[in-house]
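Student: Hi, could we go through this protein together? I'd like to start with one pair of side chains and then look around.

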Amino acid sequence: MGPMLRSLTILFADLSDAANRNHEALRQAKQEMNESRRQIQTLTCEVDGLKGTNEALLRQMRDLEDQYGAEVGSYQETVARLEQEIHHMKEEMARHLREYQDLLNVKMALDIEIATYRKLLEGEESRIAVPVQSMASFSIKTAVSEPDPSAESHTRKTVLIKTIETQDGEVVTESRKEQRAEIEK
């Protein structure tokens with residue numbers, strides 16, 4: 001047995017050592033592989049959890065968008081309704097202004113008529129107080145409205161001026177004069 005057996009024994013010992021080292025390396029590699037699998041499983045669970053959270057946030061965002069979209073639609077309807085009310089109020093104000101202008105025109109015509117009657121009364125009083133030989137002259141203005149069928153926003157008024165001169169209680173001259181005037185409404 002000599003050198004060959006010794007070489008075989010050394011070789012066998014070297015092979016055993018190598019096998020043990022390889023076995024140890026294999027065991028460490030398996031441990032590292034198991035650790036890596038655990039880490040992969042942990043990361044996969046975290047990714048799945050984050051995906052679920054992301055989906056929940058997306059659903060919540062869509063719900064909020066729907067809710068705010070409905071609120072914006074409601075506000076737009078309110079704004080449109082208020083603008084329509086403003087338009088109607090402006091039209092009503094314009095109508096009231098036209099009616100006020102008409103009433104003002106009627107008031108002015110009535111004021112003129114009242115002043116005319118007052119002058120007539122004063123003239124009549126002075127005629128009675130003054131000797132019969134005096135001469136009196138007075139005018140009457142009457143405003144008459146005529147609707148103009150061709151235009152809705154204009155009113156045509158005719159003013160009638162009647163002048164009567166009297167002497168000793170008798171009519172000396174009498175004249176009539178008509179004037180037409182258009183008044184915008």
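Tutor: Let us start with R95, which forms a salt bridge with E99, and the closest N and O atoms of that pair are 2.9 Å apart. Please keep in mind throughout that this is a predicted model.

Student: Where are R95 and E99 in the helix, and how many residues apart are they?

Tutor: Both belong to helix α1, and because they are 4 residues apart there, about one helical turn separates R95 from E99.

Student: And are those two buried or exposed?

Tutor: They fall in between, since R95 has a relative accessibility of 35% and so counts as partly exposed, while E99, at 38%, counts as partly exposed as well.

Student: How many salt bridges are there?

Tutor: The count comes to 5 salt bridges. Another one of them joins R27 to E24, where the closest N and O atoms are 2.2 Å apart, and a further one joins E35 to R38, with a closest N to O separation of 2.7 Å.

Student: Where do R27 and E24 lie?

Tutor: R27 and E24 both lie in helix α1, which covers residues 3–129, and they are 3 residues apart, or about one turn of the helix. E35 and R38 are also both in helix α1, again 3 residues apart and about one turn of the helix from each other.

Student: What about the relative accessible area of R27 and of E24?

Tutor: R27 has a relative accessible area of 37%, which makes it partly exposed, and E24 is partly exposed with 32%. For the other pair, E35 is partly exposed at 37%, and R38 is partly exposed at 46%.

Student: OK, new topic. Which residues make the nonpolar surface patch?

Tutor: That patch is made by M4, L8, L11 and L15, and it has an area of about 420 Å². Taking L11 as one of its members, we find it in helix α1, and with a relative accessibility of 44% it counts as partly exposed.

Student: Let me step back a bit. What does the secondary structure come to?

Tutor: The protein has 1 helix and 3 strands, and if you follow the chain from the N terminus the elements run α-β-β-β.

Student: How many of the residues count as buried?

Tutor: Of the 185 residues in the protein, 8% count as buried. The protein exposes about 15600 Å², and carbon and sulfur atoms supply 58% of that area.

Student: Can you show me a buried one?

Tutor: I161 is a good case to look at, because its relative accessibility of 15% makes it count as buried, the cut-off being under 20%. I161 is found in strand β2, which covers residues 154–167, and its C-alpha atom is separated by 5.7 Å from that of R176, a residue 15 places away along the chain.

Student: What about E174, which strand is that in?

Tutor: E174 has its place in strand β3, which covers residues 170–184, and at 49% relative accessibility it counts as partly exposed.

Student: And which residues is E174 in contact with?

Tutor: If we leave aside its neighbours within four places in sequence, E174 is in contact with K162, T163 and I164. For T163, which is 11 residues from E174 along the chain, the two C-alpha atoms are separated by 5.6 Å.

Student: What about contacts in the whole protein, how many join residues at least 24 apart?

Tutor: If we consider contacts between residues at least 6 apart in sequence, 47% of them join residues at least 24 apart.

Student: Last thing, what is the mean pLDDT of the protein?

Tutor: The mean pLDDT is 79, and 74% of the residues reach 70 or more. Among the elements, α1 has the highest mean pLDDT, at 90, whereas strand β1, covering residues 135–147, has the lowest, at 47.

Student: Where does pLDDT stay under 50?

Tutor: It stays under 50 over residues 131–152, and the model has 55 contacts beyond four places in sequence for that stretch. As pLDDT expresses the predictor's confidence in each residue, please read those contacts with that in mind.

Definitions and conventions
Residues numbered from 1 in each chain as written. Predicted model: local features only at pLDDT ≥ 70, side-chain atom pairs only at ≥ 80, totals over all residues. Heavy atoms only, no water. Helix = DSSP H or I, 4+ residues; strand = E, 2+ residues; numbered from the N terminus. Buried < 20%, exposed > 50% of the residue type's maximum accessible area, 1.4 Å probe, protein only. Contact = heavy atoms within 4.5 Å. Areas by Shrake-Rupley, 256 points an atom, 1.4 Å probe, with all protein chains shown as cover. Salt bridge = Lys/Arg side-chain N within 4 Å of Asp/Glu carboxyl O. Patch = residues over 30% accessible without salt bridge, like charges linked within 9 Å, V, L, I, M, F, W, Y side chains within 5 Å. pLDDT = per-residue confidence, 0-100.
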